[in-house]
Amino acid sequence: MSHVFHRHLHQTPAVAVAASGVEIRDSGGRTYIDASGGAAVSSLGHGHPDVIAAMHAQIDQLAYAHTSFFTTGVAEELGRELVRGAPEGTSHAYLVSGGSEAVEAALKMARQYFVEIGQPERTQFIARRQSYHGNTLGALAVGGNAWRRAPFAPILVPATHVSPCNAYRDQRTDETPAQYGQRLADELDAAIRAQGPRRVIAFVAETVGGATAGVLTPVPGYFKAVREVCDRHGVLLILDEVMCGMGRTGTLHACEQEGVLPDLITVAKGLGGGYQPVGAVLAQSRIVDAMSRGSGYFQHGHTYLGHPVACAAALAVQRVIRRDGLLDKVRDDGAAFAGMLEQALGGHPHVGDIRGRGFFWGVELVAERAGKTPFDPCLKLHARIKAEAMERGLLCYPGGGTADGRAGDHVLLAPPFIATRTELQTIAARLAESIEAATARIPRAA
């Protein structure tokens, strides 16, 4: 009997005992290709010697120092590294322990910014339906996934949700991508006006939608139009790149491909590659300057902020990515991976959409393609695919509620940046086999 409070109480997961490169081995001796990097975390795969060496060196020197007393050299160096690669105008990195913490910090940072500049009446956040920003209460409040929110709705702070940028399901046949993106920006503008422009703090969005939407890539021009709306009303733009950032889509920050400058960016997952829990909020100088001129401090904090070993791991991961030219590899091999997925799955009658960038891909499943009709959620197709994939030595990251928060299934792929084209081909082939096996077992009437 396990005494660990696992995610699912009716089953105990397999016991992982070792990992190397793109593979994980369990206690039964089975080996799996980690095609999702856990949850889009393992950017360098497992057991990278440079990262392990950096962590050992830091532990030997200093394992922990509380940030109310000290900073550390490694935290300062990581801050410089993050600001160096961040969008223009970024001046500081606030170091935390993960994605939900990063989002919580960004929400509070945005609120305090307006308090500092004399606009305390700004109290509202606007985000998007089918978004995911974390599981702490503030992050869950701005998140737009109905299933995740429902049990906790009575204790969540109010937030307004507008439409996601989901061209597959929502772009009209009489619209160009630019017109669709502008329609969504107009919807945001209307939502801000409905709240009262001087009451809205920020618009919060994943640059590329992740876990609950199945890798939604924005149409060209969408975020530029959103930025214009935010500027018109003095509203901050917070981009959540916890899953899609730090090289996952082929550029260090996904927003680079959109040509926009957010006021705050949250990062985690690929920042430390899974070697330690770490995340960060990247802040534009005007946000930090307002606090510096005002109260002089950010009224927020956690015990493990800027943890030295976590900072050492993250710094090593980012240096390896830059040294080994892995962003170029993600772009080049990502294009090849797209072709592999299309070849393996594009003709499948239950594959509705294949979408993504770089090493970040989603496959949406449908009961029938013409009408884009989701499977009955009671079938839990995504869970069936996960089980079939594990039987074939493949770890993928499926999700349900893709279409509307309740119905719809997708599979998310986020392989380590070090994956070879041969390994990518194997991932595509095993996923195709898994989807075929899972859908073949579903009754035809479904």
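The lining of the largest cavity in this predicted model comprises six nonpolar, five polar and three charged residues. In total, 14 residues line the largest cavity, and those nearest its centre are Arg128, Pro164, Cys165, Gly209 and Leu216. Its volume comes to about 80 Å³. A search of the whole structure for cavities of 30 Å³ or more returns one.

Pockets add a further view of the empty space. The second largest pocket has a volume of about 810 Å³ and a lining of 29 residues. Nearest the centre of this pocket lie Glu76, His92, Ala93, Tyr94 and Leu95. Several elements contribute to the wall: α3, β4 (90–96), β10 (279–284) and α10 (285–293) each provide at least two lining residues. Strand β4 gives the largest share, with five residues. Sorted by class, the lining of the second largest pocket holds 13 nonpolar, 14 polar and two charged residues.

Helix α3, which supplies part of that pocket lining, also packs against another helix. Helix α3 (residues 73–84) and helix α11 (residues 308–323) meet at an angle of about 40 degrees, their axes 9 Å apart. The crossing of α3 and α11 is left-handed. On the α3 side the contact involves Val74, Ala75, Glu77, Leu78, Glu81 and Arg84, which meet Pro308, Cys311, Ala312, Ala314, Leu315, Gln318, Arg319 and Arg322 of α11. Eight of the residues in the contact of α3 with α11 are nonpolar, one is polar and five are charged.

Helix α11 has a second partner to consider, α2. The axes of helix α2 (residues 49–61) and α11 approach within 8 Å and cross at roughly 150 degrees. Because angles over 145 degrees count as roughly antiparallel, α2 and α11 are therefore roughly antiparallel to each other. Their crossing is right-handed. From α2, the contact draws on Asp50, Val51, Ala54, Met55, Gln58 and Ile59, and from α11 on Pro308, Val309, Ala312, Ala313, Ala316, Val317, Val320 and Arg323. By class, the contact of α2 with α11 divides into 11 nonpolar residues, one polar and two charged. Two α11 residues, Pro308 and Ala312, appear both in the contact with α3 and in the contact with α2.

Further along the chain, helix α13 (residues 381–391) and helix α14 (residues 421–440) form another packed pair, with axes that come within 8 Å and cross at roughly 130 degrees. The two helices α13 and α14 are therefore oblique to each other. The crossing of α13 past α14 is right-handed. Leu381, Arg384, Ile385, Glu388 and Ala389 make the contact from α13, while Leu431, Ser434, Ile435, Ala437, Ala438 and Thr439 make it from α14. Seven nonpolar, two polar and two charged residues form the contact of α13 with α14.

Thr439 of α14, part of that helix contact, is also touched by His350. His350 sits in the loop between α12 (326–345) and β11 (351–357). Beyond residues up to four places away in sequence, His350 touches Glu364, Leu365, Val366, Ala367, Phe375 and Thr439. One of these partners, Ala367, is 17 residues from His350 along the chain, and the C-alpha atoms of His350 and Ala367 are separated by 5.7 Å.

Technical notes:
Residues numbered from 1 in each chain as written. Predicted model: local features only at pLDDT ≥ 70, side-chain atom pairs only at ≥ 80, totals over all residues. Heavy atoms only, no water. Axes fitted to C-alpha atoms, helices over the stretch in contact; angles between N-to-C directions. Helix = DSSP H or I, 4+ residues; strand = E, 2+ residues; numbered from the N terminus. Parallel < 35°, antiparallel > 145°, perpendicular 65-115°, else oblique. Left-handed = near helix turned anticlockwise from the far one by under 90°. Contact = heavy atoms within 4.5 Å. Nonpolar A, V, L, I, M, F, W, Y, C, P; charged D, E, K, R; others polar. 1 Å grid on protein atoms, 1.4 Å probe; cavity = no way out; pocket = protein on both sides within 12 Å on 5 of 7 lines; lining within 4 Å. Points joined across faces, edges and corners; volume = space filled by probe spheres on them.
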